[in-house]
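Got your viewer open? Grab the mouse and let's take a walk, one selection at a time.

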Amino acid sequence: MTELMSRPLFTLSLTLHPIHELGPTPAGERRVVPVSGGRFEGDRLAGEVLPHGGSDLLLTRADGSFQQDVRLTLQAADGALILMTYRGVRHAAPEVGDRIARGEAVGRSEYYLRIAPFFETAAPAHGWLNRIVAVGIGERRPGGVTYEVFEIL
């Protein structure tokens, strides 16, 4: 194989609580963004994002981009629990970033938001998730974020 191939895994929609501003830390400008819930829908996997089971430790880097460090607890339709972790990067022109910060709806074509998720579960029916690499393309929206997540084949 000489090129990457993928297939859709699911669409993930997250709702967010208000941001907690920690301020300037030795690592950079740190924010904690608690996840209040959400849904994921795909042909092979669907369910809900559990409330109080996740957050994003968002870091503003020196170049103005944002580095994500996220933990989520997913509950599949069959009741199985799945830990989803991902790192990601978002960057945009300053005026686009200002619009996002004001809570405006900004199309994902106007900025870069990509994630690299990994999964962990003890559920035999979903054990295949423990052995895949995935990527996602995101869109920040008022009150939340949506990702199209793909399994890399």
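Which helix gives the most to the lining of the largest pocket? Select helix 1, residues 94-101: with five residues, helix 1 gives the most to that lining. Before you go on, keep in mind that this is a predicted model.

**Stop 1: the pocket**

Stay where you are and bring up the rest of the pocket. Its volume is about 580 Å³. There are 34 lining residues, and the closest to the centre are Arg 31, Leu 58, Arg 90, Ile 100 and Arg 140. Show those five as sticks and you have the middle of the pocket marked.

Now colour the elements that give two or more residues to the lining. Besides helix 1, they are strand 1 (6-16), strand 3 (28-41), strand 5 (55-60), strand 6 (66-76), strand 7 (81-91), strand 9 (133-141) and strand 10 (144-152). If you colour the lining by class instead, you get 18 nonpolar, nine polar and seven charged residues.

**Stop 2: the nonpolar core**

Next, select Phe 10, Leu 12, Leu 14, Leu 72, Leu 74, Phe 119 and Tyr 147. These are the residues with the most contacts inside the largest nonpolar core, which has 34 residues. Two or more core residues come from each of strand 1, strand 3, strand 6, strand 7, helix 1, strand 8 (112-120) and strand 10.

Zoom in on Leu 12. What does Leu 12 touch, leaving aside its neighbours within four places in sequence? Its contacts are Arg 39, Phe 40, Val 49, Leu 72, Met 84, Val 145, Thr 146 and Tyr 147. Two of these names, Leu 72 and Tyr 147, were in your last selection as well.

**Stop 3: strand 1 and its partners**

Switch to cartoon and follow strand 1. Strand 1 pairs with strand 10 in the antiparallel sense, over nine bridges. For a landmark on this pairing, pick Arg 7, which stands opposite Glu 151 in strand 10.

Strand 1 also pairs with strand 3, again antiparallel, over six bridges. Here Leu 12 turns up once more: its bridge partner in strand 3 is Phe 40.

**Stop 4: along strand 3 to strand 4 and strand 6**

From Phe 40, step on to Glu 41. Which residue of strand 4 stands opposite Glu 41? It is Ala 46. Strand 3 and strand 4 are antiparallel partners over four bridges, and a hairpin of four residues joins them.

Strand 4 (46-49) has another partner to find. Strand 4 pairs with strand 6 in the antiparallel sense over three bridges. Select Gly 47 and Ala 76 to see one of these pairs, with Ala 76 as the partner in strand 6.

Then go to Gly 28, which is also in strand 3. Is Gly 28 buried or exposed? Gly 28 counts as buried because its relative accessibility is 17%, and the cut-off for buried is under 20%. Setting aside neighbours within four places in sequence, Gly 28 is in contact with Gly 23, Leu 59 and Thr 60. Draw a distance from Gly 28 to Arg 140: 21 Å from C-alpha to C-alpha, for two residues 112 apart in sequence.

**Stop 5: a loop residue with a positive phi**

Select His 52, in the loop between strand 4 and strand 5. Most residues other than glycine have a negative phi. The phi of His 52 is near 65°, a positive value in a residue that is not glycine. His 52 counts as exposed because its relative accessibility is 74%, and exposed means over 50%.

**Stop 6: two valines in strand 9**

Finish on strand 9, where you can select Val 133 and Val 135. Val 133 counts as partly exposed at 42% relative accessibility, and Val 135 is partly exposed too, at 34%.

Who do they touch, not counting residues up to four places away in sequence? For Val 133, the contacts are Phe 118, Phe 150, Glu 151 and Ile 152. For Val 135, they are Ile 115, Pro 117, Glu 148, Val 149, Phe 150 and Ile 152.

Two last distances, both between C-alpha atoms: Val 133 to Leu 153 is 8.1 Å, with their places 20 residues apart along the chain. Val 135 to Phe 118 is 8.9 Å, and these two are 17 residues apart in sequence.

Conventions
Residues are numbered from 1 along each chain as its sequence is written. This is a predicted model: local features need pLDDT of at least 70, side-chain atom pairs count only at pLDDT 80 or more; totals for chains, interfaces and linings use all residues. Side-chain values use heavy atoms; hydrogens and water are left out. On a 1 Å grid over the protein atoms alone, a cavity is a set of points where a 1.4 Å probe fits but cannot get out, and a pocket is an open set with protein on both sides within 12 Å along at least five of seven lines; lining residues have an atom within 4 Å of a point. Grid points are joined across faces, edges and corners, and a volume is the space filled by probe spheres set on the points. Ala, Val, Leu, Ile, Met, Phe, Trp, Tyr, Cys and Pro count as nonpolar, Asp, Glu, Lys and Arg as charged, and the others, Gly among them, as polar. A nonpolar core is a set of buried Ala, Val, Leu, Ile, Met, Phe, Trp, Tyr and Cys residues joined through side-chain atoms within 4.5 Å. Buried means under 20% relative accessible area, exposed over 50%, partly exposed in between (1.4 Å probe, protein chains only). Contact means heavy atoms within 4.5 Å. Two strands pair if DSSP finds at least two bridges between them.
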